[in-house]
Amino acid sequence: MSKKQLVETTINGEPTEFLCETRQSLLESLRDVLGLTGSKEGCLTGDCGACTVLVDGRPVCSCLMLGVEARGKKITTVEGLAEGTQLHPLQQKFLEDASLQCGICTPGFLMSAKALLDRNPNPTEAEIRYALAGNLCRCTGYDKIVRAVMNAAKVMQGR
Amino acid sequence: MHEFSYEAPTTVDQAVKLLASDGDSARVICGGTDLLIQMRNAVRKPRLLVDVKGIPEMREISFDAKAGLKLGAAVPCIEIHESQVMHRYYPGLTEAAHLIGSLQIQSRASIGGNLCNSSPAADTSPALLAVGAIAKIVGPAGTREVPVEKFFTGPGTNVLQKGELVVQILIPPPAPHTADRYIRMIPRNEMDIAIVGAGACVTLDGDKVAAARIGLGAVAPTPILAPKAAEYLIGKKLDEKTAERAGELARESASPIDDMRGTAEYRRHVVGVLTKRALLGAAERARQN
């Protein structure tokens, strides 16, 4: 076993240190080392987006990034969305609009949608579909997900 | 995935020393969107990964009206798309960078990585060929500049020697009334590998073509120029008819293969269609410059 690396980073606003092997992806570091199992493993090729997290505010497939590359970065995972028991408006609207069935893709969709709304609080439907193009859902389909993001945007803007 | 060492140097010199230290088994990691998949599939087994994203000159976008563009090889595609300089002076290259994968991929993947992965179907390569881009390479023996048309040596291979890395992409400043355009054909609406990619850069003098370059992807063992088609256009008015003829000449430069995305015959046909459209699109933009 190779020597483990110490990684100092910030996860969901908390300064965090963890040890990982260089060959462990950020996804494996989050799930297996830190116990943050919200981010899901899907394809491991960057196609499905189930492992999407935010790195310095940008959506990234955590399966295609090494844990050691998280040094000095600000990582946001689905665990960082809710504030205590208060769900994030995106999570709330995904529930209300029935935007999930099996749920494996949901954390990734939530993080891609958050990245979009953080930069563009009032997106068009086309912009939402474009921003979510790197996330695949194989059971619910996309209309309800897109609707939930539109509704969450309204809530977040106080409309 | 196999075991390997990881280093993140902050200068080009350190990166070159690291790369030269481990023979053929050190590899640069930038976005990792191709490399980590290749490593997971045991296609590549580097003993050392050299992460170059912390090297300032590899992350800069700087434009000077006389010197042209210096584009850091590690700039992620999304930053290229967000750059006003890139949209203004190299809209075709910018649209190529914004076509690669999803936003998740564009947040990591770079043009330098796309170049060095050297896929025949890389989206930014035809666009780089069209604008006359040059790879600035630094290695143990010093710095050299290689035009992109001389960079590739085959599918997945290039001229980089042991210890060398592409630090920046250099692009000449566009002459007045110059613009570029990149178009690709894929089996789906978004996020797939090109059946054909066509980049065109056109300089107009009045209503005549003063200079033109056409780059093609996914239709030969490497991305290629279509010089005959470009030469034909010089001194001519760029319209439906001449663009069509240039498309026919571009077909002659292509040597495509059959694969799951399309047959050689289909690819050759599409080369003509996309070359024509890319030329007309570039000319339309050039008229407004």
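**Helix packing and contacts in chains A and B**

Biologist: Which residues in α2(A) meet Thr106(A), Leu110(A), Ala113(A) and Lys114(A) in α3(A)?
Modeller: This is a predicted model. By class, the contact of α2(A) with α3(A) has four nonpolar, two polar and one charged residues. Opposite the four named residues of α3(A), helix α2(A) places Leu90(A), Gln91(A) and Phe94(A).

Biologist: Are α2(A) and α3(A) parallel or oblique?
Modeller: Two packed helices are described by the angle between their axes and the distance between the axes. For α2 (residues 89-96) and α3 (residues 106-119) of chain A, the angle is about 130° and the axes are 10 Å apart. An angle of about 130° therefore makes the relation of α2(A) to α3(A) oblique.

Biologist: What is the handedness of the crossing of α2(A) and α3(A)?
Modeller: The angle of about 130° does not state the handedness, which is given separately. For α2(A) and α3(A), the crossing is right-handed.

Biologist: Which helices do the buried residues of α2(A) pack against?
Modeller: The buried residues of α2(A) are Pro89(A), Leu90(A), Gln91(A), Lys93(A) and Phe94(A). Leu90(A), Gln91(A) and Phe94(A) also meet residues in α3(A). The partners of the buried residues are two helices of chain A, α3 and α5 (143-156).

Biologist: How many polar residues does the contact of α3(A) with α5(A) have?
Modeller: The axes of α3(A) and α5(A) come within 11 Å and cross at roughly 45°, so the two helices are oblique to each other. Helix α3(A) contributes Phe109(A), Ala113(A) and Leu117(A), while α5(A) contributes Ile145(A), Val149(A), Ala152(A), Ala153(A) and Met156(A). By class, these are eight nonpolar residues, with no charged residues and no polar residues: none.

Biologist: Which strand gives the most to the side of domain 1 of chain A that touches domain 2 of chain A?
Modeller: Chain A is assigned domain 1 (5-80) and domain 2 (89-156), with C-alpha centres 21 Å apart. The contact involves 16 residues of domain 1 and 13 residues of domain 2. On the domain 1 side, β3 (52-55) and β4 (58-61) are the elements that give two or more residues. With three residues, the one that gives the most is β3(A).

Biologist: How many charged residues has the side of chain B that touches chain A?
Modeller: The contact takes 22 residues from chain B and 20 residues from chain A. On the chain B side, β1 (5-7), α2 (35-40) and α6 (103-106) each supply at least two residues. By class, that side has nine nonpolar residues, eight polar residues and a charged count of five.

Biologist: What separates the centres of domain 1 of chain B and domain 3 of chain B?
Modeller: Chain B is divided into domain 1 (5-51), domain 2 (56-171) and domain 3 (178-288). Taken over C-alpha atoms, the distance between the centres of domain 1 and domain 3 of chain B is 34 Å.

Biologist: Is Thr242(B) buried or partly exposed?
Modeller: Thr242(B) is found in helix α10 (residues 240-253) of chain B. Leaving aside neighbours within four places in sequence, Thr242(B) is in contact with Leu233(B), Lys236(B) and Lys237(B). A buried residue needs 20 or more other C-beta atoms within 10 Å. Thr242(B) has 18, so Thr242(B) is partly exposed.

Notes. Residues numbered from 1 in each chain as written. Chains lettered and ligands numbered in written order. Predicted model: local features only at pLDDT ≥ 70, side-chain atom pairs only at ≥ 80, totals over all residues. Domains from an automatic or database assignment. Contact = placed C-beta atoms within 7 Å. Nonpolar A, V, L, I, M, F, W, Y, C, P; charged D, E, K, R; others polar. Axes fitted to C-alpha atoms, helices over the stretch in contact; angles between N-to-C directions. Parallel < 35°, antiparallel > 145°, perpendicular 65-115°, else oblique. Left-handed = near helix turned anticlockwise from the far one by under 90°. Buried ≥ 20, exposed ≤ 12 C-beta atoms within 10 Å, placed from the backbone.
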